[in-house]
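Visitor: I would like to understand the labels attached to this structure. Could we set each value against its cut-off as we go?

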Amino acid sequence: MKPRYLLNTRSVQRHFDRAATSFEAADFVHEVTRDGLFARLEPMRLDARQVLDLGCATGAALPRLEKRFRRARIVGVDISANMLQKAQAHRGWFSRLSFVHSDARALPIADHSVDLVFANLLLPWIDDPSAIAREVCRVLRKDGLFVFSGLGPDSLRELRAAWAAVDNYAHVNEFPDMHNIGDSLVQSGLRDPVLDVDRLQVSYSDSAALYRDLKAAGGRNALTAQRKSLTGKQAFARMQDELWRFAERNSLQLDLELVYGHCWGRGPASAATDVRIDAGAIPVRRR
């Protein structure tokens with residue numbers, strides 16, 4: 001990750017705290033990827049008893065996870081206390097939901113105790129995918145499942161190009177490509193990663209609506225290299241003019257590259273004194 005695209009975790013937390021009351025009205029991209037994750041979960045045979053919804057936001061996935069894994073204890077995890085407060089509204093009288101306020105890179109969860117980690121659009125808010133992969137590998141049981149969605153490098157390219165024509169500050173996150181994510185998963189000890197990409201185009205009648213949605217969903221600039229002073233009216237107007245260069249049929253078009261993936265837990269590492277031998281490689285003496 002280039003230094004200019006490093007995220008300020010406190011800013012991320014603050015933005016999502018502020019967006020907790022507006023998030024559900026503007027989470028249509030999260031809804032698309034959430035549906036995509038559940039569609040990919042459907043054919044998988046998994047008897048999960050412990051499930052983490054990592055980066056659960058206001059908890060829209062929690063009822064579906066409860067329905068899919070009826071015997072499981074479901075834990076919603078988020079860095080935003082305000083988001084978790086909203087998510088608790090999904091807990092019924094007999095619900096087995098619980099909540100943890102935590103950074104996803106340092107979970108207060110026991111090693112190899114979780115059967116499923118579900119993470120919808122968490123990766124765009126983490127600088128280094130391997131940090132999440134290592135922590136997921138730590139908490140997953142052997143043959144536990146990690147399913148996730150993220151954004152690929154082509155996402156918001158129109159917005160990135162419009163700002164680049166105005167100044168040299170960082171305004172839009174840089175998202176890792178599918179191959180880098182896959183490498184991080186394998187290097188962290190997770191196994192058999194499978195990734196695929198889908199596309200989503202979002203249209204806006206004006207740039208004000210675009211920025212309202214980004215703000216409402218917590219998608220504000222949290223980069224450490226962002227401009228420290230306010231952007232002037234002239235610079236912002238120029239950026240909007242540049243953005244309209246990508247307009248089609250009198251509407252702004254933003255492309256999103258949706259990345260989906262899943263992989264499996266390897267379980268505890270073997271002790272250094274353990275020796276594993278492939279039984280098929282053992283010669284057999286015949287009389």
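Visitor: Why is cysteine 263 called buried or exposed?

Guide: Cysteine 263 is called buried because its relative accessibility is 0%; buried means under 20% relative accessible area, exposed means over 50%, and partly exposed is what lies in between, with a 1.4 Å probe and protein chains only. This is a predicted model, where local features need pLDDT of at least 70 and side-chain atom pairs count only at pLDDT 80 or more, while totals for chains, interfaces and linings use all residues. Residues are numbered from 1 along each chain as its sequence is written, and side-chain values use heavy atoms, leaving out hydrogens and water.

Visitor: How do you know whether cysteine 263 is in a disulfide?

Guide: A disulfide is a pair of cysteine sulfur atoms within 2.5 Å. The closest cysteine sulfur to that of cysteine 263 belongs to cysteine 137 and is 8.6 Å away, so it is too far for a bond. By this rule the count of disulfides is zero, and cysteine 137 is in none. Cysteine 137 is buried too, because its relative accessible area is 12%.

Visitor: What makes aspartate 196 and arginine 40 a salt bridge?

Guide: The term asks for a side-chain nitrogen of Lys or Arg within 4 Å of a carboxyl oxygen of Asp or Glu. For aspartate 196 and arginine 40 the closest N and O atoms are 2.7 Å apart, and the pair qualifies. The two residues are 156 residues apart, with aspartate 196 in strand S6 (residues 191–204) and arginine 40 in helix H2 (residues 28–41). Helices (H or I, at least four residues) and strands (E, at least two) are DSSP runs, numbered from the N terminus. As for the background, side chains of opposite charge can pair when their charged atoms come close.

Visitor: Why are aspartate 196 and arginine 40 given the labels they have?

Guide: Aspartate 196 has a relative accessible area of 29%, and therefore counts as partly exposed. Arginine 40 is partly exposed as well, with a value of 29%.

Visitor: What does the salt bridge between aspartate 255 and arginine 157 tie together?

Guide: Their closest N and O atoms are 2.8 Å apart. Aspartate 255 lies in strand S7 (residues 252–264) and arginine 157 in helix H6 (residues 157–164), so the pair joins parts that are 98 residues apart in sequence. Aspartate 255 is buried because its relative accessibility is 17%, whereas arginine 157, at 40%, is partly exposed.

Visitor: How do you know that aspartate 143 and lysine 142 form a salt bridge?

Guide: Their closest N and O atoms are 3.7 Å apart, and the pair is counted. Lysine 142 is exposed because its relative accessible area is 58%, while aspartate 143, at 36%, is partly exposed. Both residues belong to a salt-bridge network that links Lys142, Asp143, Arg191 and Asp192. The count for the structure comes to 16 salt bridges.

Visitor: Why is lysine 215 called exposed or buried?

Guide: Lysine 215 has 53% relative accessibility, and therefore counts as exposed. Lysine 215 is found in helix H8 (residues 207–216).

Visitor: And what about glycine 150: why is it called buried or exposed?

Guide: Glycine 150 is called buried because its relative accessibility is 3%. Glycine 150 lies in strand S5 (residues 140–151). From glycine 150 to glycine 261 there are 111 residues in sequence and 8.6 Å in space, C-alpha to C-alpha.
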